[in-house]
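Work through the two exercises below with the structure open. Each task is followed by a solution in steps.

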Amino acid sequence: MRLSTALYCILLCSLWLAAGARADAVVVSPAQPTTELTASLLLFEDINAALPVDLPDPTVVAEKLQPWRKNAANFGFSDAAYWVSFTLSNPTDTDIPLVIRQDYPLIDHLDFWWPGANGQWQHVRTGDHEPFGSRPLALRDFVFPVILPANSSHTYYLRYASGGSVNIGLSFSSQEAYLPRLGVEQLLYGIYYGGFLVLVIYNLFLFLALRDPAYAYYMGYSISYGLYFAVINGFAFQFAWPNFPWFGNQILLIVLGLSLKFATQFARLICNAKTLAPGVDRFCGVLMRCMIPLTLLSPLLDYSIMTAVFSAIAMIVVLSSLAVGAVGAWRGSVSARYFMIAWITLMCTVVIYIFKTFGLLPHNSFTHSAFQVGALIEMVLLSLALGARVNEIQKRSYIDDLSGLHNRRFFDEHLQREFRLSERNGTPLSLLVLDLDHFKAINDRYGHRQGDLTIRGIGQLIMHEVRKPVVACRYGGEEFAVLLPRTDQDAAQRVAEHLLRRVAELDLGNLSVTVSIGVASYKDGNYGAGIQLFEAADAALYRAKQTGRNKVVVESVQQLDMAPV
């Protein structure tokens with residue numbers, strides 16, 4: 001009795017283990033929507049790819065297959081081959097045309113077996129190391145059309161082997177449900193690559209107009225990045241080089257290297273790294289020079305090793321570019337702020353994609369597409385950064401490098417604009433013209449370097465003492481102009497006297513300086529043009545110089561008529 005009980009237990013355990021080694025058949029309906037197969041797979045890892053590929057009967061590996069029962073099947077870089085099988089069941093009385101889809105196109109070798117009508121196994125070998133014509137359907141990924149007969153169950157087998165990352169992303173659907181989804185997918189990809197193309201053409205016109213090299217690097221970055229995504233999505237192989245699989249595999253690392261090179265140079269320019277972060281800029285220069293030979297040699301070296309190298313370089317480029325952008329943003333650069341947002345977005349999606357590539361995150365539509373969506377968002381933000389850069393360059397053209405104030409060009413334009421506004425609105429407008437006293441003696445006695453330091457000190461003082469809408473400019477030499485919109489003569493005189501005292505208190509070492517200031521104000525049409533207002537203030541400055549210096553003189557229209565020629 002005890003022996004019979006033991007045999008019975010052994011039999012039950014054997015039946016339980018045998019049942020555990022079979023994946024449950026997936027029931028199919030005539031209008032079957034897209035259904036993931038990953039959790040329904042039987043899987044076997046063939047270490048070192050020892051089993052032969054050309055098996056006329058794939059069931060010889062059936063006993064080696066074990067239930068996977070996980071939501072993802074990606075294995076990073078591996079020398080192994082992966083055998084999988086799954087079973088589909090059709091309980092209806094009609095045959096159901098199906099499509100079985102592998103949605104990750106960068107699989108070097110992919111074999112598919114299915115039972116034929118004559119009971120013989122049918123076999124197709126494809127992959128991105130085979131000519132594109134080896135695919136049953138001429139699509140960017142691997143799609144296998146089959147017919148599942150009525151009231152039957154069929155088991156299908158596949159073998160994966162790749163020098164790159166192995167991502168098993170199997171799904172199936174009825175052909176009726178697959179075709180509309182394919183159309184929507186193609187439309188979305190068309191919009192995606194169209195977005196890249198629009199950005200490139202838009203910035204090409206800006207480059208032709210402005211001749212700013214940052215636009216050239218942006219276009220190089222956009223084109224190489226767009227081509228990189230066309231390769232990993234399978235479109236480049238489908239449309240560009242369908243009969244050259246070797247080239248199609250090697251071009252991936254080449255375009256990745258080019259995109260990193262263009263990205264590095266773009267970051268250096270857009271964030272003004274040479275000035276704001278010279279140490280990081282030198283590091284980026286060395287990194288860029290290293291990428292050139294690596295990119296050229298990548299077709300000759302091991303693909304998995306070079307992919308790991310470029311992945312590490314990509315993270316270094318992102319982090320060093322973030323360092324440059326952080327310095328620029330800290331110093332008030334608007335273009336650097338856009339750049340920071342763009343690169344933080346990209347960095348997050350790059351980390352997701354790299355983790356997926358090395359098997360640390362599952363392969364699914366989010367982990368596979370996040371990088372691409374993040375890259376397009378990045379390109380839009382970088383285009384905005386270029387626009388901000390143009391504005392900053394234009395602003396810099398209005399800045400006097402020595403004093404930090406606006407220059408004469410800005411003053412001339414702003415004076416006319418503010419004068420017209422005062423005329424139209426009937427509001428007062430005042431102007432101060434300041435001139436350093438005995439500046440030539442400072443240069444002669446202490447040297448031009450001390451003269452420059454004096455100009456810089458006066459400029460910083462004026463910048464600190466005035467606020468918008470007041471406009472302070474270095475008019476030329478040792479002469480400064482301060483334009484005060486909506487300010488009458490009495491208020492302008494108080495401002496001038498305050499500046500006079502502050503300059504006299506300025507600490508320039510052993511050197512003490514003073515200024516003479518002329519003041520003029522527009523009110524009720526007493527001047528006919530902005531230049532007349534300036535001439536009045538300049539005449540007042542002349543009187544201050546002639547009557548002892550270090551003082552404020554307020555000009556009037558009557559005094560202007562008496563001013564010496």
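**Exercise 1.** Take strand S6 in this predicted model. Which residues of S6 are buried on one side, and which on the other?

*Solution.*
Step 1. Sort the residues by face. One side carries Ala81, Trp83, Ser85, Thr87 and Ser89, and the other carries Tyr82, Val84, Phe86, Leu88 and Asn90. Both faces are covered, and all of these residues are buried.

Step 2. Apply the cut-off: buried means under 20% relative accessible area. In S6 (residues 81-90), 10 of the 10 residues are buried, so the strand is largely enclosed by the rest of the structure.

Step 3. Look at the pairing. Strand S11 (residues 152-161) runs antiparallel to S6, joined by nine bridges. Tyr82 has Tyr160 of S11 as its bridge partner.

Step 4. Add strand S3 (residues 42-46). Five bridges join S3 to S6, again antiparallel. Asp46 pairs with Ala81 of S6.

Step 5. Finish with strand S1 (residues 26-27). S1 and S6 run parallel, with two bridges. Val27 has Ser89 as its bridge partner in S6.

**Exercise 2.** Which residues of helix H12 (residues 439-446) are buried? Which are exposed on the other side?

*Solution.*
Step 1. List the buried residues of H12: Phe439, Ile442 and Asn443. They cover an arc of only 95° around the axis, which puts them on the same side of H12.

Step 2. Recall the helix geometry. An α-helix has 3.6 residues a turn, so residues three or four places apart point the same way.

Step 3. Turn to the other side of H12. Lys440, Asp444 and Arg445 are exposed there.

Step 4. Find the cover. Strand S14 (429-436) and helix H13 (448-465) are among what covers the buried residues of H12.

Step 5. Check what follows H12. Gly447 comes next, with a positive phi near 95°.

Definitions and conventions
Residues numbered from 1 in each chain as written. Predicted model: local features only at pLDDT ≥ 70, side-chain atom pairs only at ≥ 80, totals over all residues. Heavy atoms only, no water. Buried < 20%, exposed > 50% of the residue type's maximum accessible area, 1.4 Å probe, protein only. Helix = DSSP H or I, 4+ residues; strand = E, 2+ residues; numbered from the N terminus. Arc of directions from axis to C-beta. Contact = heavy atoms within 4.5 Å. Pairing = 2+ DSSP bridges.
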